[in-house]
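Please read the following account alongside the displayed coordinates. It moves from enclosed space to the overall fold, then to the backbone and the nucleic acid.

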Amino acid sequence: MQLASWNVNSLKVRLPHLLQWLETNPVDLLGLQELKLTDENFPLTELEAAGYGAVFAGQKTYNGVAILYKKATMPEPVDVLVNLPSFPDEQKRVIAATFGDLRFISAYVVNGSEVGSEKFEYKKAWLDGLLKDCEGWLAQYPKLALVGDYNIAPDDRDVHDPKAWAGQVLCSDEERGRFNTLLGLGLVDSFRLFEQAEKTYSWWDYRMLGFQKNKGLRIDHVLLSKPLAEKCTASVIDRAPRKWEKPSDHAPAIATLSI
DNA sequence: ATGGCAGGTACGACCTGA
C-alpha cells in the first residue's frame, strides 16, 4: 500500500492537478493540507468519481486538511478526529482517522513566520501539543502514520543553502529539536530509511525561479511508527507535479509499504 | 538589504505563506 502527503495550496485551484496526479499515483491514503476552502465547497463528488472517499476539516481562506482514501482498497474511516486534543485551536490543521488497524493523521504544522515572532511562539506551543498527543496515539495505535507539511527541515541535507537558512524559521534548533523529539517518541522519517539523491526537496519558493534553480527545502514528511517502518520499501518525493502549469509550491511525498 | 510569486478576499490593497 502507499501512503502520501501533499500540501496543495488551495484545493479549488489544484483539484485538476490532484485528479491528474491520482490517475498515475493511485495511492491508498493521501493527507492533504492547505485546502483554503470551507467544508461546503469540498469537491467530494469529483473525488468520489475518481474512486476516493474523504474526511476533511476545512476553513475559509487559510489552512484546512483532509484525508483521501481509495475506496477499492481501504475500509471506511472510523474515529475521525479534528485538531489536537492538547491544543484547542480555531485553525484547522489536523485530521485523523482509523482505517482497519491503521491510524492515519494529516497535519499542517504552523509556519511560524519568523523566529521570535508571536507566530513562532504559536508554532512551538502547537508542536508541543502535537508531541503530547502523539505520545498517547503511539501507545494506542501500533500502526500509525503521521504525514503532512511539518514546516520543518529536519537537518542541513534538507536545505538548499544551509548557511543562509541557519537559525531561520523552518531550520531553527527549537523546531528541529521538537521534530527530533517526535522521532524519539517512536516515529521514523521514512524518507531517510533509504538512499536518496542529494538535494531532494519538497517545497520551492514561487519567487526567484526557486524550482528551476532547485532552491528548495524538504519540509513535507511521511513519518511512520516502527511496525509500519519495518514494512516500508520505498519513500520518495514526486517532483513531477511541481513542473505543471500553476503548480502548488509543494510536491507530494509518498511511502510504499509491503502491507 | 530588499523583493520577487501565488491564493484568497473582494474589487483596492492587504494578509499569509515558507
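In this predicted model, strand S12 supplies three residues to the lining of the second largest cavity, the largest share of that lining. The elements that contribute two or more residues there are strand S12 (220-225) and strand S13 (232-237). The full lining consists of Asp 189, Ser 190, Phe 191, Arg 218, Asp 220, His 221, Val 222, Ser 235, Ile 237 and Ala 253. By class, these residues divide into four nonpolar, three polar and three charged. The volume that they surround is about 40 Å³.

How many cavities of 30 Å³ or more does a search of the whole structure find? The search returns two. As background, rolling a probe the size of a water molecule over the atoms shows where empty space is left. The largest cavity has a volume of about 50 Å³. Its lining is formed by Leu 127, Leu 130, Leu 131, Tyr 150, Ile 152, Arg 178, Phe 179 and Leu 182. Here the elements giving two or more residues are helix H3 (118-140) and helix H5 (173-184). The class composition of this lining is seven nonpolar residues, no polar ones and one charged residue.

The overall fold of the chain comes next. Chain A contains six helices and 14 strands. Its radius of gyration is 17 Å, close to the 18 Å that the globule rule gives for 259 residues, and chain A is therefore as compact as a globular protein of that length. Along the principal axes, the C-alpha atoms of chain A fill a box of roughly 45 × 45 × 40 Å. Of the 259 residues in chain A, 56% are buried.

Two loop positions deserve attention for their backbone geometry. Most residues other than glycine have a negative phi. Asn 9, although not a glycine, has a positive phi of about 50 degrees. This residue lies in the loop between strand S1 (2-7) and helix H1 (11-24). Thr 61, also not a glycine, has a positive phi of about 75 degrees. The loop that holds Thr 61 runs between strand S3 (52-57) and strand S4 (65-70). Are these two positions buried or exposed? Asn 9 is buried, with a relative accessible area of 12%, whereas Thr 61 is partly exposed, with a relative accessible area of 40%.

The remaining topic is the nucleic acid. Around DNA strand B there are 23 residues, of which Ser 10, Glu 34, Asn 111, Arg 207 and Met 208 come nearest. Sugar and phosphate make up 63% of the atoms of DNA strand B that come within 4 Å of the protein. The protein surface near the strand comprises nine nonpolar, six polar and eight charged residues.

Individual polar contacts add detail to this picture. A polar side-chain atom of Tyr 108 is placed 2.8 Å from a phosphate oxygen of DNA strand B. Asn 151 also has a side-chain N or O atom 3.0 Å from a phosphate oxygen of DNA strand B. For Lys 119, the partner is a sugar or linking oxygen of DNA strand B, which lies 3.5 Å from a polar side-chain atom of Lys 119.

Note on methods. Residues are numbered from 1 along each chain as its sequence is written. Chains are lettered from A and ligands numbered from 1 in the order in which they are written. This is a predicted model: local features need pLDDT of at least 70, side-chain atom pairs count only at pLDDT 80 or more; totals for chains, interfaces and linings use all residues. Side-chain values use heavy atoms; hydrogens and water are left out. A residue is near a molecule or strand if one of its heavy atoms lies within 4 Å of it. A polar contact is a pair of N or O atoms within 3.5 Å; within protein, one must be able to donate a hydrogen and the other to accept it, and residues adjacent in sequence count only if both atoms are side-chain atoms. Ala, Val, Leu, Ile, Met, Phe, Trp, Tyr, Cys and Pro count as nonpolar, Asp, Glu, Lys and Arg as charged, and the others, Gly among them, as polar. On a 1 Å grid over the protein atoms alone, a cavity is a set of points where a 1.4 Å probe fits but cannot get out, and a pocket is an open set with protein on both sides within 12 Å along at least five of seven lines; lining residues have an atom within 4 Å of a point. Grid points are joined across faces, edges and corners, and a volume is the space filled by probe spheres set on the points. Helices (H or I, at least four residues) and strands (E, at least two) are DSSP runs, numbered from the N terminus. The radius of gyration is taken over C-alpha atoms; the globule rule is 2.2 Å times the number of residues to the power 0.38. Buried means under 20% relative accessible area, exposed over 50%, partly exposed in between (1.4 Å probe, protein chains only).
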